[in-house]
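Subject: Structure for your files

Hello,

Here is the structure I said I would pass on. My notes on it follow below.

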Amino acid sequence: MKIFKVLTLALVLTAFAVSAQAKPIQPAHVYMFGFTASFKDSVVYITEIEDVKGAWIESKTKFLLNRENYSYQLKEHMTEQYEQPDRVCMVFYATSKKKIEKQLKKLRKKYKELTPLPTEFHFQAIEMEQK
């Protein structure tokens, strides 16, 4: 009988957790820029701030969905165009231009020598199915 109560409680809690899951939202603007560094050399590249239309953000946590795919786009570009496959790539994002500019300013203060990537690179929005 005790095991039945525990299983029932676990089932109820699981159902509650699934129903409380945050729904993704697609804001009008998601601003982002990329940052790439390597342990093999001292050159640190940075992209321009871009307005990526079609990006999705989780409403509860404010996390960019599929953010690993955006950093992979930058890594792929560095591998194909610059033949540097060993670079670590990161993406910074915000829903307001002021916030993303503040993040960029903070990064520029930390890394004195940032090399801008030519404007040939642009982030492509990751398509998502809305349920």
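**Overall layout**

The chain contains 3 helices and 7 strands. Please keep in mind that this is a predicted model. Read from the N terminus, the order of elements is α-β-β-β-β-β-α-β-α-β. The chain has 131 residues, and 31% of them count as buried. Among contacts with a separation of 6 or more, 71% are between residues 24 or more positions apart. The accessible surface is about 9600 Å², and carbon and sulfur atoms make up 58% of that.

**Strand S2 and its partners**

S2, residues 31–37, is mostly covered, with 6 of its 7 residues buried. Its pairings are as follows.

- With S6 (88–94), S2 runs antiparallel and is joined by 7 bridges. Within this pair, Phe33 has Phe92 of S6 as its bridge partner.
- With S3 (44–46), S2 is also antiparallel, through 2 bridges. Thr36 is opposite Tyr45 of S3, and a hairpin of 6 residues connects the two strands.
- With S4, residues 50–51, S2 again has 2 bridges and an antiparallel course. Here Tyr31 faces Asp51.

**The nonpolar cores**

In soluble globular proteins, nonpolar side chains tend to be buried together. In this model the largest nonpolar core has 17 residues. Which of them touch the most other members? They are Val30, Met32, Val52, Ala55, Leu64, Tyr70 and Phe123. Helix H2 (67–82) and strand S6 are the elements that give two or more residues to this core.

Met32 is a useful residue to click on. Beyond its neighbours within four places in sequence, Met32 is in contact with Glu48, Ile49, Glu50, Val52, Leu64, Tyr70, Val91, Phe92, Tyr93, Ile100 and Phe123. A second core, separate from the largest one, has 11 residues. Tyr31, Phe33, Ala94 and Ile100 are among them.

**Helix H2**

H2 is 16 residues long and spans 22 Å from its first C-alpha to its last, close to the 22 Å expected at 1.5 Å a residue. Its buried residues are Tyr70, Ser71, Gln73, Leu74, His77 and Met78. They are on the same side of H2, because the arc they cover around the axis is only 145 degrees. The cover over these buried residues includes S2, S3 and S6. Tyr70 therefore appears twice in these notes, as a buried residue of H2 and as one of the core residues that touch the most other members.

**Helix H3**

H3 covers residues 97–110, 14 in number, and its first and last C-alpha atoms are 20 Å apart, close to the 20 Å expected at 1.5 Å a residue. Ile100, Leu104 and Leu107 are buried in this helix. Down the axis of H3 these buried residues fall within an arc of 60 degrees, so they line one face of the helix. An α-helix has 3.6 residues a turn, so residues three or four places apart point the same way. What covers the buried residues of H3 includes S2, S3, S6 and strand S7 (114–116).

What lies on the other side of H3? Lys98, Lys99, Lys102, Lys105, Lys106 and Lys109 are there, and they are exposed.

**Two residues with positive phi**

Most residues other than glycine have a negative phi, and most peptide bonds are trans. Two residues in the loops are worth listing on this account.

Asn66 is not a glycine, yet its phi is positive, near 60 degrees. Asn66 is in the loop between strand S5 (57–58) and H2. Is Asn66 buried or partly exposed? Asn66 counts as partly exposed, because its relative accessibility is 25% and the partly exposed class runs from 20% to 50%.

Glu83 is not a glycine either, and has a positive phi of about 55 degrees. Glu83 follows H2, in the loop between H2 and S6. Its relative accessible area is 68%, so Glu83 is exposed, the cut-off being over 50%.

Regards

Key:
Residues numbered from 1 in each chain as written. Predicted model: local features only at pLDDT ≥ 70, side-chain atom pairs only at ≥ 80, totals over all residues. Heavy atoms only, no water. Core = buried A, V, L, I, M, F, W, Y, C linked by side-chain atoms within 4.5 Å. Buried < 20%, exposed > 50% of the residue type's maximum accessible area, 1.4 Å probe, protein only. Helix = DSSP H or I, 4+ residues; strand = E, 2+ residues; numbered from the N terminus. Contact = heavy atoms within 4.5 Å. Expected span 1.5 Å × (residues − 1). Arc of directions from axis to C-beta. Areas by Shrake-Rupley, 256 points an atom, 1.4 Å probe, with all protein chains shown as cover. Pairing = 2+ DSSP bridges.
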